[in-house]
Amino acid sequence: MSDAQTLMCVGPTSAPLRPLRCLDVDTDANATAPQVAFINTAINLPAQSFYQLLPSLLPILASYRRVIFHCQTSNGRGTRAAMWYQDALDERRIGHEVSRSEILQGGIVRWVEVYGDEADMTTRLATSSTSA
């Protein structure tokens, strides 16, 4: 697992094997806990379509040493998607030295606690208040 205090999700680099890619597998349809922020460099690939897209995504994601998954708390969708990715790597015999799956401990909730006020790392969404 990756801890928010020691992790900064970065985008592509010029190196042949990039250091890491962060994937947000949450969905905007999550009405029970709507997302309030995003990691700036994370790519959103909702879990409900991730498994079906994985065969096409594998060559792209495998170019990153670490692929870090998260959702709200990383106790559900983030963990499942990380396992699917690791299974795909294992099935194709792509070793941990090339690419591996990780889970962001505490998900976006923990990330916001640590980096929520850092605009270069986190985009906060405006919250709307409803009146009765």
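Q: In which order do helices and strands follow one another along the protein chain, where helices (H or I, at least four residues) and strands (E, at least two) are DSSP runs numbered from the N terminus, and how many of each are there?
A: This is a predicted model, in which local features need pLDDT of at least 70, side-chain atom pairs count only at pLDDT 80 or more, and totals for chains, interfaces and linings use all residues. Residues are numbered from 1 along each chain as its sequence is written, and side-chain values use heavy atoms, with hydrogens and water left out. Along the sequence the pattern is β-β-β-α-β-α-β-α-β. The secondary structure comprises three helices and six strands.

Q: What share of the contacts between residues at least 6 apart in sequence joins residues at least 24 apart?
A: A contact means heavy atoms within 4.5 Å. Among contacts in the protein chain between residues at least 6 apart in sequence, the share joining residues at least 24 apart is 70%.

Q: Which element gives the largest share of the largest nonpolar core?
A: A nonpolar core is a set of buried (under 20% relative accessible area, 1.4 Å probe, protein chains only) Ala, Val, Leu, Ile, Met, Phe, Trp, Tyr and Cys residues joined through side-chain atoms within 4.5 Å. The largest has 20 residues, and those with the most contacts inside it include Leu23, Phe50 and Leu61. Two or more residues come from each of α1 (47–61), β4 (64–70) and α2 (77–91). The largest share, six residues, is given by α1.

Q: Which residues does Leu61 contact, leaving aside its neighbours within four places in sequence?
A: Leu61 is among the residues with the most contacts inside the largest nonpolar core. Beyond its sequence neighbours within four places, its partners are Leu23, Phe50, Val67, Tyr85 and Ser99.

Q: How do the residues lining the largest pocket divide into nonpolar, polar and charged?
A: A pocket is an open set of points on a 1 Å grid over the protein atoms alone where a 1.4 Å probe fits, with protein on both sides within 12 Å along at least five of seven lines; lining residues have an atom within 4 Å of a point. Among the lining residues are Tyr51, Trp84, Asp87, Glu91 and Arg92, and the elements giving two or more residues are α1 and α2. With Ala, Val, Leu, Ile, Met, Phe, Trp, Tyr, Cys and Pro as nonpolar, Asp, Glu, Lys and Arg as charged, and the others, Gly among them, as polar, the lining has six nonpolar, no polar and three charged.

Q: What distance separates the C-alpha atoms of Thr79 and Leu104?
A: Thr79 belongs to helix α2. Thr79 and Leu104 are 25 residues apart along the chain, and their C-alpha atoms are separated by 8.9 Å.

Key:
Buried means under 20% relative accessible area, exposed over 50%, partly exposed in between (1.4 Å probe, protein chains only).
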